[in-house]
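Student: I would like to learn how to read a protein structure step by step. Could we look at one together, starting with a helix?

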Amino acid sequence: MYEGVIQHLIDELGRLPGVGPKGAQRIAFHLLAADPEDVRRLAEALIEVTERVRFCKTCGNVAEAEECRICLDTRRDPSVICVVEEPKDVAAVEKIREFRGRYHVLGGAISPIDGVGPDNLRIRELMARLADGTVTGLPVGGDLEYADEVTLGRAFEGRRLLDV
C-alpha cells in the first residue's frame with residue numbers, strides 16, 4: 001500500500017508476534033512522528049540484544065554470559081528443576097518469588113503440525129541434567145504466560161516430588 005522504506009518497515013513490524021498489518025502500520029507511523037533520538041535508542045537496543053544476548057549453556061534461559069544469573073546463583077536449590085517452554089515463562093515464575101530452584105527451558109513445544117518434534121527441543125539436555133541424580137523434583141505447570149501471580153504461587157505451594 002505504501003512505497004519504499006515505509007512499506008518495508010511495516011512489513012518487518014508485521015512479522016513480529018502479535019502484530020498484525022494495522023498494528024504494524026500504527027507502530028511505523030508512530031516511529032515516523034517520534035523524536036529521532038528515541039528511535040535511534042530503540043534501534044540500538046535491538047542491535048545490542050541480538051549481539052549480546054545468548055542462551056544459557058545449562059538451562060537455555062536468556063543470558064549475557066555463558067550461564068544465566070539463575071544458574072550462577074548458589075542460593076538456588078539444584079535438586080529442583082522447573083521445566084518451562086520459553087524464557088518468558090522463567091520470568092513469569094520469577095515474578096511470584098516462590099520458586100527457589102533452577103530451570104530448564106525446552107525452547108518450544110512439540111507441534112507435529114509445525115514440524116516440531118522432541119529432537120527439536122532441549123529434551124536431550126534435560127535428560128542429561130536428570131541423569132546425575134542431583135535433581136529430585138520437577139514442578140509441573142500449564143501455560144504460564146497467562147497465569148497470574150496468585151495462581152502461580154499456589155501451584156508452587158502444592159507441588160510434589162515425582163519419581164524420575
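Tutor: Let us begin with α5, and keep in mind that this is a predicted model. In α5, the buried residues are Pro-87, Asp-89, Val-90, Ala-92, Val-93, Glu-94 and Ile-96.

Student: How many of the ten residues of α5 are buried, and how is the helix described as a result?

Tutor: A residue counts as buried when its relative accessible area is under 20%. Seven of the ten residues in α5 are buried, so the helix is mostly covered by this cut-off.

Student: What happens to the chain just after α5?

Tutor: Just after α5 comes Arg-97, which takes a positive phi of about 60 degrees, and this is a positive value in a residue other than glycine. Arg-97 sits in the loop between α5 and β4, and with a relative accessibility of 74% it counts as exposed.

Student: Which strands does α5 link, and what is the hand of the crossover?

Tutor: First look at the strands themselves: β3 and β4 pair in the parallel sense, over five bridges. The chain passes from β3 through helix α5, residues 87-96, to β4, and this β-α-β crossover is right-handed. As one example of the pairing, Val-83 has His-104 in β4 as its bridge partner.

Student: How should I think about side chains along a strand?

Tutor: In a regular strand, the side chains alternate between the two faces of the sheet.

Student: Which residues of helix α6 are buried, and which are exposed?

Tutor: With a helix, it helps to ask where the buried residues lie around its axis. In α6, which spans residues 123-131, the buried residues are Leu-126, Arg-129 and Leu-130. They lie on the same side of α6, because they cover an arc of only 100 degrees around the axis. On the other side of α6, Arg-124, Ala-128 and Ala-131 are exposed.

Student: What do the buried residues of α6 pack against?

Tutor: They pack against β3, residues 77-84, and β4, residues 101-105, the two strands that pair in the parallel sense. Just after α6, Gly-133 takes a positive phi of about 85 degrees.

Student: How do I read a pair of aromatic rings?

Tutor: Two values are useful here, the distance between the ring centres and the angle between the ring planes, and planes over 60 degrees apart count as edge-to-face. The structure holds two aromatic pairs. In the pair of Phe-99 and Tyr-103, the ring centres are 5.1 Å apart and the planes stand at 65 degrees, so the pair is edge-to-face. Both Phe-99 and Tyr-103 are buried.

Student: Is Asp-73, in the loop between α4 and β3, buried or exposed?

Tutor: Asp-73 lies in the loop between α4, residues 69-72, and β3, and its relative accessible area of 14% makes it buried. Leaving aside neighbours within four places in sequence, Asp-73 is in contact with Arg-100 and Arg-102.

Student: How can I place these details in the whole chain?

Tutor: Step back and read the secondary structure along the sequence: the protein chain has seven helices and four strands, in the pattern α-α-α-β-β-α-β-α-β-α-α. Of its 164 residues, 32% count as buried. Among contacts between residues at least 6 apart in sequence, 45% join residues at least 24 apart. The accessible surface of the protein chain comes to about 11400 Å², and 55% of this belongs to carbon and sulfur atoms.

Note on methods. Residues are numbered from 1 along each chain as its sequence is written. This is a predicted model: local features need pLDDT of at least 70, side-chain atom pairs count only at pLDDT 80 or more; totals for chains, interfaces and linings use all residues. Side-chain values use heavy atoms; hydrogens and water are left out. Buried means under 20% relative accessible area, exposed over 50%, partly exposed in between (1.4 Å probe, protein chains only). The arc is that of the directions from the helix axis to the C-beta atoms. Contact means heavy atoms within 4.5 Å. Accessible areas come from the Shrake-Rupley method with a 1.4 Å probe; for residues, only the protein chains shown count as cover. Two strands pair if DSSP finds at least two bridges between them. A crossover is right-handed if, with the strands pointing away from the viewer, the path from the first strand over the helix to the second runs clockwise. Rings of Phe, Tyr and Trp (its six-membered ring) pair if their centres lie within 6.5 Å; planes under 30 degrees apart count as stacked, over 60 as edge-to-face and the rest as tilted.
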